[in-house]
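Reader: I would like to learn how to read the features of a model like this one. Please take them one at a time, general idea before particular case.

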There are 2 protein chains.
Amino acid sequence: MRIDQGNLPALSLGCTVFAGGGGGDPRIGELMAMEAIRELGPVEVKPLDAFGDDDLIMPCGMIGAPTVMVEKIPNGAEGRVIREAYERQFGRPVAAVMPFEMGGINGVLPVAWAAYAGLPLLDGDFMGRAFPELQMLTPHLYGIPGSPAVITDERLQTVVFNTRDNIWLEKLVRNCVASLGGSACGGLYPMTVGQARRPIIPGTVSRAVRMGEAIRRGGEEPIDSIAQVAPVIRLGQGKVVDIERRTSGGFVRGSALVEGLGADKGRLFRLEFQNENLVVLEDGEPLATVPDIITLLDMHTGHGIVTEGTRYGQRIEIVAFPSPPVWTTAEGLAAVGPRAFGYDFDFVSVVDRYA
Amino acid sequence: MRIDQGNLPALSLGCTVFAGGGGGDPRIGELMAMEAIRELGPVEVKPLDAFGDDDLIMPCGMIGAPTVMVEKIPNGAEGRVIREAYERQFGRPVAAVMPFEMGGINGVLPVAWAAYAGLPLLDGDFMGRAFPELQMLTPHLYGIPGSPAVITDERLQTVVFNTRDNIWLEKLVRNCVASLGGSACGGLYPMTVGQARRPIIPGTVSRAVRMGEAIRRGGEEPIDSIAQVAPVIRLGQGKVVDIERRTSGGFVRGSALVEGLGADKGRLFRLEFQNENLVVLEDGEPLATVPDIITLLDMHTGHGIVTEGTRYGQRIEIVAFPSPPVWTTAEGLAAVGPRAFGYDFDFVSVVDRYA
């Protein structure tokens with residue numbers, strides 16, 4: 001497949017559904033990708049098998065607080081700067097651009113970078129959703145280093161990190177991103193196609209396009225349409241009655257309260273997030289938790305609502321999608337389960353909980 | 001000349017005199033250099049003219065809070081890691097190691113790194129003393145970038161910075177050093193011998209050795225002996241009666257109170273420092289300010305006392321040395337004069353003040 005002016009808006013819509021509320025508002029990324037495609041033509045989307053084992057992959061996206069990303073606009077040339085830094089490091093050309101997470105702006109910005117580089121986009125990512133920290137990518141589970149990581153900002157300054165492990169990488173990159181104003185662009189976990197076979201979550205770009213197309217033809221019942229593309233679990237519908245956000249240290253953290261409407265009248269839902277939605281609680285008990293994907297959908301349009309876009313009065317449907325299987329192993333839950341975010345309860349899949 | 005087991009202690013002693021209280025306690029650096037010389041032989045010290053115009057210089061040292069450096073011991077291999085990073089960046093070998101500042105540990109640690117690299121030490125530096133920030137090196141006055149800068153820690157992690165200007169470099173490196181625990185090793189302002197002709201302050205390594213030798217033979221009157229090597233101005237003698245230090249963000253800031261003794265009985269001196277001594281005040285009026293070099297000397301031994309080594313009860317002599325001329329130009333004072341550190345008065349040289 002390819003991403004062109006016709007299906008780019010669908011990719012953008014689909015991204016927010018799988019973002020779990022994070023990954024950043026995709027609109028700026030969509031505009032930049034649209035401009036790049038208009039200028040340079042569509043971007044080819046290819047599966048891993050279309051490449052040679054030694055081909056170099058550049059996983060990339062934005063890093064930092066989504067609340068900052070919406071007003072700290074990328075330069076457009078960050079993808080080139082990251083690519084050049086990697087080509088100097090590895091002494092050979094990058095063969096494919098890849099979104100390191102399939103969510104929000106990070107699902108569409110790499111399309112612009114691929115167009116400008118004249119490179120194909122790899123159909124997959126390293127999260128199958130969005131997560132807030134750098135050790136929360138699948139290669140970390142397989143012992144693959146995130147280094148060398150390249151960070152660049154809208155001034156096209158670069159910082160290249162080679163750390164002892166991915167925890168140090170998260171710490172140093174996060175503080176650097178905070179020094180750069182709270183968000184920046186980056187390349188992480190560069191690797192060959194051969195190395196990527198195990199960690200890749202394949203097909204997530206084309207899945208997001210299919211999801212976006214389903215939402216666009218969904219009409220009055222968008223969630224029924226979404227259910228035709230992915231196993232969606234409805235947790236409740238209601239109105240946002242409170243939202244609290246604080247941006248610091250390269251993250252946005254906070255919570256939202258949702259008062260039930262319709263069949264859910266009388267219920268009160270509490271969402272807690274760190275860039276992405278971490279848990280949805282009712283009476284202090286979890287209804288769903290990471291790594292399952294918890295997303296707020298606009299009740300009428302089915303569009304995903306990012307955490308920085310949540311507002312008082314929005315009529316929303318709280319839905320969950322089952323986590324990619326890699327995250328529900330013991331190693332996966334150690335990295336991204338509720339306890340990794342400081343919660344004192346274990347993960348129970350929405351599939352088991354509501355089956 | 002060369003640095004061997006015989007004159008290394010003199011270099012170390014001389015460094016603290018010209019450090020203006022900063023640059024870090026030299027003892028760990030001296031031990032590491034002694035070990036390296038014992039193992040690999042003396043280090044040649046050569047003037048700029050001994051090299052070809054295209055030869056690559058590696059200016060290096062420690063960056064961060066001296067209070068941290070005394071207990072966060074370098075690994076020993078940092079110099080190799082910095083050199084390798086530069087050789088990858090520039091695609092050719094480093095020809096000479098150079099202390100980026102001639103003060104404290106930063107005057108002696110590069111001796112160890114030169115010994116391990118089998119390289120000569122350049123006789124000069126980019127400060128002619130010690131200063132706390134990265135835009136306070138002479139190349140900044142000539143528009144030479146501090147990038148690419150290489151930071152490494154005792155785990156031998158590396159971070160390579162390419163920034164838009166030297167102010168951004170200071171900001172990003174400082175925050176990275178803070179993330180690494182408050183001190184780290186680094187290479188800054190890499191350049192060729194040809195580029196270094198204007199910014200270099202020549203002969204500062206051999207001057208520090210001569211100063212240290214003078215102190216060692218000074219006996220009961222070390223300051224008279226110091227005066228034979230450099231124009232020293234005595235500002236007052238006394239006892240340290242109060243010392244206040246706070247370490248944060250990769251700096252140590254604070255002040256010391258000194259009560260006059262002997263001929264200075266009844267006087268009260270206040271020193272204020274940011275890594276290095278910035279001003280000495282009496283009754284709110286400056287007696288001496290940056291960029292002149294303000295140093296506390298042990299009254300009996302003539303040894304320089306670093307800001308993190310200042311203790312209640314020490315009997316000291318407060319002395320000043322005239323600043324290297326490069327810092328007393330309009331551009332120099334804009335970078336390192338009292339106003340650059342937030343003081344609301346102009347620089348008056350100790351030479352003019354006490355001539």
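Reader: What area do chain A and chain B bury between them, and what percentage of it is on carbon and sulfur atoms?

Author: The size of an interface is often given as the accessible area lost when the parts come together. Here chain A and chain B bury about 1600 Å² between them, with 53% of it on carbon and sulfur atoms. Buried area is the accessible area (1.4 Å probe) that two parts lose on being put together, summed over both. Before going on, note the ground rules. This is a predicted model, in which local features need pLDDT of at least 70 and side-chain atom pairs count only at pLDDT 80 or more, while totals for chains, interfaces and linings use all residues. Residues are numbered from 1 along each chain as its sequence is written, chains are lettered from A and ligands numbered from 1 in the order in which they are written, and side-chain values use heavy atoms, with hydrogens and water left out.

Reader: How many residues does each chain give to the contact?

Author: Chain A gives 17 residues and chain B gives 17 residues, where contact means heavy atoms within 4.5 Å.

Reader: How many salt bridges and polar contacts cross between the two chains?

Author: Side chains of opposite charge can pair when their charged atoms come close. A salt bridge is counted when a side-chain nitrogen of Lys or Arg is within 4 Å of a carboxyl oxygen of Asp or Glu. By that rule there are zero salt bridges across the interface of chain A and chain B. Nine residue pairs are in polar contact there, both residues at pLDDT 80 or more. A polar contact is a pair of N or O atoms within 3.5 Å; within protein, one must be able to donate a hydrogen and the other to accept it, and residues adjacent in sequence count only if both atoms are side-chain atoms.

Reader: Which elements of chain A give two or more residues to the side that touches chain B?

Author: They are β8 (158-162) and α7 of chain A. The largest share, six residues, comes from α7(A). Helices (H or I, at least four residues) and strands (E, at least two) are DSSP runs, numbered from the N terminus.

Reader: Where are the domains of chain A?

Author: The domain assignment gives domain 1 (2-204) and domain 2 (223-354); such bounds come from an automatic or database domain assignment. Their C-alpha centres lie 24 Å apart. The contact takes 37 residues from domain 1 of chain A and 34 residues from domain 2 of chain A.

Reader: What area is buried between these two domains, and which three residues supply the most on the domain 1 side?

Author: About 2600 Å² is buried between domain 1 and domain 2 of chain A, and carbon and sulfur atoms give 69% of that area. A:Val17, A:Arg129 and A:Leu141 supply 20% of the area that domain 1 buries against domain 2, more than any other three residues. The rule finds zero salt bridges across this domain interface, and 12 residue pairs in polar contact, both at pLDDT 80 or more. The elements giving two or more residues to the domain 1 side are α1 (8-18), α3 (66-69), α6 (138-141) and α7 (166-179) of chain A. Of these, α1(A) gives the most, with four residues.

Reader: How many salt bridges are there over all chains?

Author: The count comes to 36 over all chains. One pairs A:Glu35 with A:Arg38, with the closest N and O atoms 3.6 Å apart. Both residues lie in helix α2 (residues 27-40) of chain A, three residues apart, about one turn of the helix.

Reader: Which peptide bonds to proline are cis, and where is a positive phi found?

Author: Most residues other than glycine have a negative phi, and most peptide bonds are trans. The bond from A:Ser147 to A:Pro148 is cis, with omega near -10°, and A:Pro148 lies in the loop between α6 and β7 (149-152) of chain A. The bond from A:Val290 to A:Pro291 is also cis, with omega near 5°; A:Pro291 lies in the loop between β16 (285-289) and β17 (293-298) of chain A. A:Asp283 has a positive phi, near 55°, and is found in the loop between β15 (276-282) and β16 of chain A.
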